[in-house]
Amino acid sequence: MPEPALHLTELHALPPSLLTTPARLLHTVLPGPTLIHLPGRREPALFVCALLHGNEDVGLAALQMVLRKHARQPLPRALSLFIGNIEAAAEGLRRLDGQPDYNRAWPGTVAHVGTPEHGLMTRVHDIMRARGVFASLDIHNNTGLNPHYSVVTDLTPQTLHLARLFSRTVVWFRGTPGTQTGAFSSWCPSVAVECGQPGQATNEMAAARFIEAALHLSDFPDHPLPASELDLYHALAVVKVAPELSFGFGDPDAALRFDAEMDHRNFVELPAGAVFAHSTHPRPLQAWDEQGQDVAEALFERVGDALQLARPAMPAMITRDLRVVRQDCLCYLMERVPRSLVGTAMVDGTSQFERRGGGV
Ligand SMILES: [Zn+2]
């Protein structure tokens with residue numbers, strides 16, 4: 001028997017208490033996932049997603065700031081906002097056990113086809129596609145120490161201009177099926193932004209400035225950004241811990257041991273030979289590339305009980321939150337897209353870097 005559908009609440013005005021209610025109490029204001037359409041001077045709307053991960057409240061806080069500022073004046077552009085996993089936010093969790101990840105269940109998902117959440121995200125996608133979208137922003141926190149950066153799934157000039165409004169650090173990957181950005185990027189400029197750790201006012205202000213800048217944009221220039229404007233990285237692989245293994249950070253008793261300050265290596269370009277972890281298990285790490293191949297053997301080599309990088313690479317999004325590592329991943333391994341190729345990559349939305357076989 002199919003699971004019951006998840007109800008989508010669709011509103012055309014702001015519930016007033018939405019602007020003052022923190023993520024954990026949002027369930028007292030909204031019954032569940034909610035899509036709100038607000039008018040503005042220009043159409044079509046900017047689309048903003050918040051709380052796709054329930055413990056990442058920066059998008060909600062930033063929207064509250066922007067909407068408070070415009071409380072007595074019209075928005076420069078119409079705004080549609082989707083507030084996602086309110087149920088997990090009440091518990092301070094990324095998602096509840098038994099729920100699919102709200103940023104893995106959008107059209108294009110493989111793992112969550114037919115779930116109530118897939119039905120819900122498909123409905124939000126279809127509603128927005130029919131209304132038209134100027135640009136799509138998905139706003140996240142992350143759990144490790146990371147700079148502010150955006151994630152894009154294509155390299156069109158419009159998408160990179162949008163990303164540059166937030167930060168010069170841009171990560172390009174398309175390998176995760178069912179993300180919100182991936183679902184929207186084929187028909188409107190789309191970025192996800194990672195705004196550092198939750199609960200920090202400077203991160204919330206950076207996200208609010210980004211939403212504000214996107215709301216004020218009248219159109220997108222169609223000339224490419226100069227390559228010097230961006231630090232563009234490409235994901236080699238997503239690194240996961242073998243499910244059966246115990247692991248820890250600075251924990252001498254774990255079967256797979258990472259440094260206690262592992263997350264200080266985020267966005268640090270590491271040389272071949274850098275020690276990544278210690279374990280005597282034969283296959284403690286999985287490293288999945290964008291084609292879904294496990295490339296751990298090409299990325300890591302074993303010297304005694306040390307796992308070293310077999311090639312230069314830059315970790316990103318390392319988290320020391322054991323639950324997030326189990327639910328999502330340990331980190332991504334990146335490499336810089338050479339500056340000489342950025343301009344060519346931007347012209348047609350594909351990449352010579354990719355065509356020459358960059359990456360593993
Ligand atoms: Zn997130």
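A nonpolar core is here a set of buried Ala, Val, Leu, Ile, Met, Phe, Trp, Tyr and Cys residues joined through C-beta atoms within 7 Å. The exercises below concern a predicted model.

**Exercise 1. The core and the domains**

Task: state which residues of the largest nonpolar core touch the most other members, and where this core lies with respect to domain 1 and domain 2.

Solution.
Step 1. The largest nonpolar core has 96 residues. Those that touch the most other members are Val-48, Ile-139, Val-171, Ile-211, Val-239, Leu-333 and Met-334.
Step 2. Strand β9, residues 231–241, gives the most to this core, namely eight residues.
Step 3. The domain assignment places domain 1 at 9–223 and domain 2 at 235–336. Both domains give residues to the core, so the core lies between them.
Step 4. One of the residues from step 1 can be followed further: Ile-211 is in contact with Val-48, Ala-62, Leu-63, Val-66 and Leu-137, when neighbours within four places in sequence are left aside.

**Exercise 2. The contact between the domains**

Task: describe the separation of domain 1 and domain 2 and the residues that make up their contact.

Solution.
Step 1. The C-alpha centres of the two domains are 29 Å apart.
Step 2. Domain 1 puts 11 residues into the contact, and domain 2 puts in 16 residues.
Step 3. Sorted by class, the side of domain 1 that touches domain 2 consists of four nonpolar, five polar and two charged residues.

**Exercise 3. The strands β9, β16 and β17**

Task: work out how β17 is paired with β9 and with β16, and which residues are partners of Met-334.

Solution.
Step 1. β9 and β17 (residues 331–336) pair in the antiparallel sense over six bridges. In this pair Ala-235 stands opposite Met-334.
Step 2. β16 (residues 314–316) also pairs with β17 in the antiparallel sense, over three bridges. Here Met-314 has Met-334 as its bridge partner.
Step 3. Met-334 therefore has Ala-235 opposite it and is the bridge partner of Met-314.

**Exercise 4. Two buried residues**

Task: decide whether Ala-316 and Leu-285 are buried or exposed, and list their contacts.

Solution.
Step 1. A residue is buried if 20 or more other C-beta atoms lie within 10 Å of its own.
Step 2. Ala-316, in strand β16, has 24 C-beta neighbours inside 10 Å and so counts as buried. Not counting residues up to four places away in sequence, Ala-316 touches Asn-146, Val-171, Asn-266, Phe-267, Cys-331, Tyr-332 and Met-334.
Step 3. Leu-285 belongs to strand β13, residues 285–288. With 22 other C-beta atoms within 10 Å, Leu-285 is buried.
Step 4. With neighbours within four places in sequence left aside, the contacts of Leu-285 are Val-239, Val-241, Ala-242, Ala-277, Ala-296, Phe-300 and Leu-307. From C-alpha to C-alpha, Leu-285 is 9.2 Å from Pro-243, with their positions 42 residues apart in sequence.

**Exercise 5. The open sheet**

Task: give the strand order of the open sheet of five strands and explain why β10 and β14 each have a side without a neighbour.

Solution.
Step 1. The order is β10-β11-β12-β15-β14, and the pairing is mixed.
Step 2. β10 (247–249) and β14 (300–303) stand at the edges with a single partner strand each, so one side of each has no neighbour in the sheet.
Step 3. On average, neighbouring strands of this sheet are turned by 30° against each other, direction ignored.
Step 4. Within the sheet, β11 (residues 256–258) and β12 (residues 275–279) pair in the antiparallel sense over two bridges. Arg-257 has His-278 in β12 as its bridge partner.

Terms used
Residues numbered from 1 in each chain as written. Predicted model: local features only at pLDDT ≥ 70, side-chain atom pairs only at ≥ 80, totals over all residues. Helix = DSSP H or I, 4+ residues; strand = E, 2+ residues; numbered from the N terminus. Axes fitted to C-alpha atoms, helices over the stretch in contact; angles between N-to-C directions. Domains from an automatic or database assignment. Contact = placed C-beta atoms within 7 Å. Nonpolar A, V, L, I, M, F, W, Y, C, P; charged D, E, K, R; others polar. Buried ≥ 20, exposed ≤ 12 C-beta atoms within 10 Å, placed from the backbone.
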